[in-house]
Amino acid sequence: MIITDKETGPKFLVEYLDTGEYKKVLLPCWHGVGDIVMFNAPLTYLRNKYPNINIVLGLAAGLQEECLVDNYVSLEGNWKETVKDEDYDLVFSCHMPLED
């Protein structure tokens, strides 16, 4: 399942996680280094709150952000097509309003 538009379902990630239906979740996060650093605290919170869910962060390939987080995958090109063949139960794009 890929969730990209908050108008097609619950708009908060925790609304999905609280159901207990998902065991492996990918959070594609197409942001810069500063945003990834700031996202570490909420990511750590989610991983602690939902220890039975494997929460994987999807980082843009080639930006060397891998040293900033644990449990990540590199995404590139048309990642939406690529992850369809993976074993994620839920893919929820992280849109953080930090650019403003």
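Over the face of which residue does K24 lie? The residue in question is Y88, and K24 is placed at 4.8 Å from the centre of its ring. This contact is a convenient point of entry into the structure, which is a predicted model. The paragraphs below begin with the overall plan and then return to K24 and its surroundings.

The protein contains three helices and five strands. Read from the N terminus on, these elements follow the order β-α-β-α-β-β-α-β. Of the 100 residues in the protein, 36% are buried. The contacts also show how the chain is folded upon itself: among those with a separation of 6 or more, 68% are accounted for by residues 24 or more positions apart.

Strand β2, which covers residues 24-29, deserves attention next. Five of its six residues are buried, so this strand is largely enclosed by the rest of the structure. Two other strands pair with β2. With strand β3 (residues 54-60), β2 pairs in the parallel sense over six bridges. With strand β5 (residues 90-92), β2 is joined by two bridges, and here too the strands run parallel. The residue L26 illustrates both pairings: its bridge partner in β3 is V56, while its bridge partner in β5 is V91. A further position to find in the model is V25, which stands opposite I55 in β3. Strand β3 has six of its seven residues buried, so it is likewise largely enclosed by the rest of the structure. When looking along these strands, a general principle is helpful: in a regular strand the side chains alternate between the two faces of the sheet.

K24 belongs to strand β2 and also takes part in a salt bridge. How many salt bridges does a search of the whole structure find? The search finds one. It is formed by D87 with K24, whose closest N and O atoms are 2.8 Å apart. The pair links distant parts of the chain, since D87 lies in the loop between α3 (79-83) and β5, whereas K24 lies in strand β2, 63 residues apart. Is K24 buried or exposed? The relative accessibility of K24 is 22%, and the residue therefore counts as partly exposed, because a buried residue must have under 20%.

The nonpolar interior can now be considered. The largest nonpolar core has 20 residues, and those with the most contacts inside it are L17, L27 and L57. At least two residues of this core are supplied by each of α1 (13-17), β2, α2 (33-49), β3 and β5. The largest share, four residues, comes from α2. A second, separate core has seven residues, including V56, L75, Y88 and V91. Y88, the residue whose ring face lies beneath K24, is thus a member of this second core.

L27 shows what lies around one member of the largest core. Leaving aside its neighbours within four places in sequence, L27 is in contact with nine residues listed here: L13, F39, L43, I55, V56, L57, G58, F92 and C94.

Aromatic residues provide another feature of the structure. A pair of aromatic rings is described by the distance of the centres and the angle of the planes. A search of the whole structure finds two aromatic pairs. In one of them, Y16 and Y22 are arranged edge-to-face, with 6.2 Å from centre to centre and 65° between the planes. Both Y16 and Y22 are buried. Together with F92, these two residues form one aromatic cluster.

Finally, helix α1 contains V14. With a relative accessibility of 30%, V14 counts as partly exposed. Apart from its neighbours within four places in sequence, V14 is in contact with L46 and Y50. The C-alpha atoms of V14 and K49 are separated by 9.9 Å, although these residues are 35 residues apart along the chain.

How values were computed: Residues numbered from 1 in each chain as written. Predicted model: local features only at pLDDT ≥ 70, side-chain atom pairs only at ≥ 80, totals over all residues. Heavy atoms only, no water. Phe/Tyr/Trp six-rings, centres within 6.5 Å; stacked < 30°, edge-to-face > 60°. Buried < 20%, exposed > 50% of the residue type's maximum accessible area, 1.4 Å probe, protein only. Lys NZ or Arg CZ within 6 Å of the ring centre and 35° of its normal. Pairing = 2+ DSSP bridges. Salt bridge = Lys/Arg side-chain N within 4 Å of Asp/Glu carboxyl O. Core = buried A, V, L, I, M, F, W, Y, C linked by side-chain atoms within 4.5 Å. Contact = heavy atoms within 4.5 Å.
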